[in-house]
Amino acid sequence: MTKVLITGASGLIGLKLSDYFTRKSYDVNHLSRTISPKNPKRFKWNIKKGKVQLEALKDVDYLIHLAGAGILDLPWTKTRKKELRSSRIKGTLLLYDAFKSIGHFPKAIICASAVGYYGLKDDSDILTESSPAATDFTGKLCADWEQSMDLFAEHSRLIKFRIGIVLDKAAKIIQKTQKPAKYGLLSSLGNGRQYMPWIHLNDLAELFSYAVHDDHLEGTYNAVAPDHTTNREFTREILKIHQKRQMVPNVPAPLLKMILGERAGLLLYGSRISSQKIIDKGFQFKYENINTALAEIYDL
Ligand SMILES: NC(=O)c1ccc[n+]([C@@H]2O[C@H](COP(=O)([O-])OP(=O)(O)OC[C@H]3O[C@@H](n4cnc5c(N)ncnc54)[C@H](OP(=O)(O)O)[C@@H]3O)[C@@H](O)[C@H]2O)c1
């Protein structure tokens, strides 16, 4: 049986991939901060203490590396920023050392990075994988995380996905917009013109599967739908599904900044990101535009 190890498997993407690969008869194992007697295939690691249950790594064919503290979850204090970085970079280095210590590396390692690599911009240039990393916090976080993953390239096929906002019924962005949309109280953020590179979770699962199965796939790929959607278009589509129109003014940028601090940038800025590189490799998106993605999510 082909063995897959997933870090951060208890999160949105991890749960989906866990279920996806289990249904395809893979031997799916989790590397987590907590262990559960209910889940015998869950192994423990502690990034702060530099400890990994080595048994988890034995005979792993594919490593899917997702673990990292939630970017939007808590204010970006100095301590939180340190946690956002160390949970990703220290975690990756710890995994590398652990695989090295047992003298076995997976055939392929598929890692999550994010479109935050390109930074908090609001121009309409289309960015590709060869566009430079930004020098702001998320740009540096993603660039340094990706660089730490490069250690694996000597031993394993390495694929890094720069993921956009993941859309699914269970995604926070869908959960949080549902109620206001139902009462017609949903509105665009800031001027609403910022792009929101997104991907449907089903397409993302197919993309990870594609990376596992295609022995030739290597390198960095943007994991975003081909369509470019602004925050205003996204808001309008959700309202349309609820048979509403925007009735309240846009949420002013200064108010968002007051509530969320530096994190507001994640909602107020966004670029157009190209997925042409992965399309050219033969990957076909099922959810190419926001209407089809939201129609699936809302069972239309
Ligand atoms: N969802 C998106 O829209 C999106 C977009 C771009 C990139 N990404 C990236 O993709 C990865 C997975 O995303 P997701 O949405 O599934 O994230 P998520 O729901 O926040 O789950 C991340 C998982 O990482 C582990 N984790 C959390 N805090 C940690 C810490 N301090 N140290 C070590 N591990 C920690 C947890 O797993 P355990 O409890 O099992 O340890 C958690 O379930 C993340 O790195 C995220 O930055 C996500």
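In the predicted model, helix H4 (residues 172-182) packs against helix H6 with the two axes 10 Å apart and at an angle of about 60°. Because angles of 65 to 115 degrees count as roughly perpendicular and those under 35 as roughly parallel, H4 and H6 are therefore oblique to each other, and their crossing is right-handed. The contact brings Ile173, Ile174, Thr177 and Ala181 of H4 against Phe234, Ile238 and Leu239 of H6. By class, the residues of this contact of H4 with H6 comprise six nonpolar, one polar and no charged.

Helix H6 also packs against helix H10 (residues 290-297), at an angle of about 40° and with the axes 10 Å apart. That angle makes H6 oblique to H10, and the passage of H6 across H10 is again described by a right-handed crossing. On the side of H6, the residues in contact are Phe234, Glu237, Ile238 and Ile241, which meet Ile290, Asn291 and Leu294 of H10. The contact of H6 with H10 divides into five nonpolar residues, one polar residue and one charged residue. Phe234 and Ile238 of H6 thus appear both in the contact with H4 and in the contact with H10.

A further helix pair is formed by H1 (residues 12-23) and H5 (residues 201-213), whose axes come within 10 Å and cross at roughly 60°. H1 and H5 are therefore oblique to each other, and H1 passes H5 in a right-handed crossing. From H1, the residues Leu12, Ile13, Lys16, Leu17, Tyr20 and Phe21 take part in the contact, where they meet Leu201, Asn202, Leu204, Ala205, Glu206, Phe208, Ser209 and Val212 of H5. In terms of residue class, the contact of H1 with H5 holds 10 nonpolar, two polar and two charged residues.

Two residues of the loops that adjoin these helices have backbone torsions that merit separate mention. Ser25, located in the loop between H1 and strand S2 (27-32), has a positive phi of about 65° although this residue is not a glycine. Gln243, which is found in the loop between helix H6 (231-241) and helix H7 (253-260), likewise is not a glycine and has a positive phi, here of about 55°.

The surroundings of the ligand comprise 23 residues, of which Ser10, Ser32, Leu66, Glu83 and Arg88 come nearest. Polar contacts to oxygen atoms of the ligand involve both side-chain and backbone atoms of the protein. For Ser32, a polar side-chain atom lies 2.7 Å from an oxygen atom of the ligand. In the case of Val166, a backbone N or O atom is placed 2.9 Å from an oxygen atom of the ligand, whereas for Gly11 a polar backbone atom is 3.0 Å from an oxygen atom of the ligand. Ser32 accordingly is listed among the residues that come nearest to the ligand and also provides a polar side-chain atom for one of these pairs.

Technical notes:
Residues are numbered from 1 along each chain as its sequence is written. This is a predicted model: local features need pLDDT of at least 70, side-chain atom pairs count only at pLDDT 80 or more; totals for chains, interfaces and linings use all residues. Side-chain values use heavy atoms; hydrogens and water are left out. Axes are lines fitted to C-alpha atoms, for helices over the stretch in contact, and angles run from 0 to 180 degrees between N-to-C directions. Helices (H or I, at least four residues) and strands (E, at least two) are DSSP runs, numbered from the N terminus. Angles under 35 degrees count as roughly parallel, over 145 as roughly antiparallel, 65 to 115 as roughly perpendicular and the rest as oblique. A crossing is left-handed if the near helix is turned anticlockwise from the far one by less than a right angle, and right-handed if clockwise. Contact means heavy atoms within 4.5 Å. Ala, Val, Leu, Ile, Met, Phe, Trp, Tyr, Cys and Pro count as nonpolar, Asp, Glu, Lys and Arg as charged, and the others, Gly among them, as polar. A residue is near a molecule or strand if one of its heavy atoms lies within 4 Å of it. A polar contact is a pair of N or O atoms within 3.5 Å; within protein, one must be able to donate a hydrogen and the other to accept it, and residues adjacent in sequence count only if both atoms are side-chain atoms.
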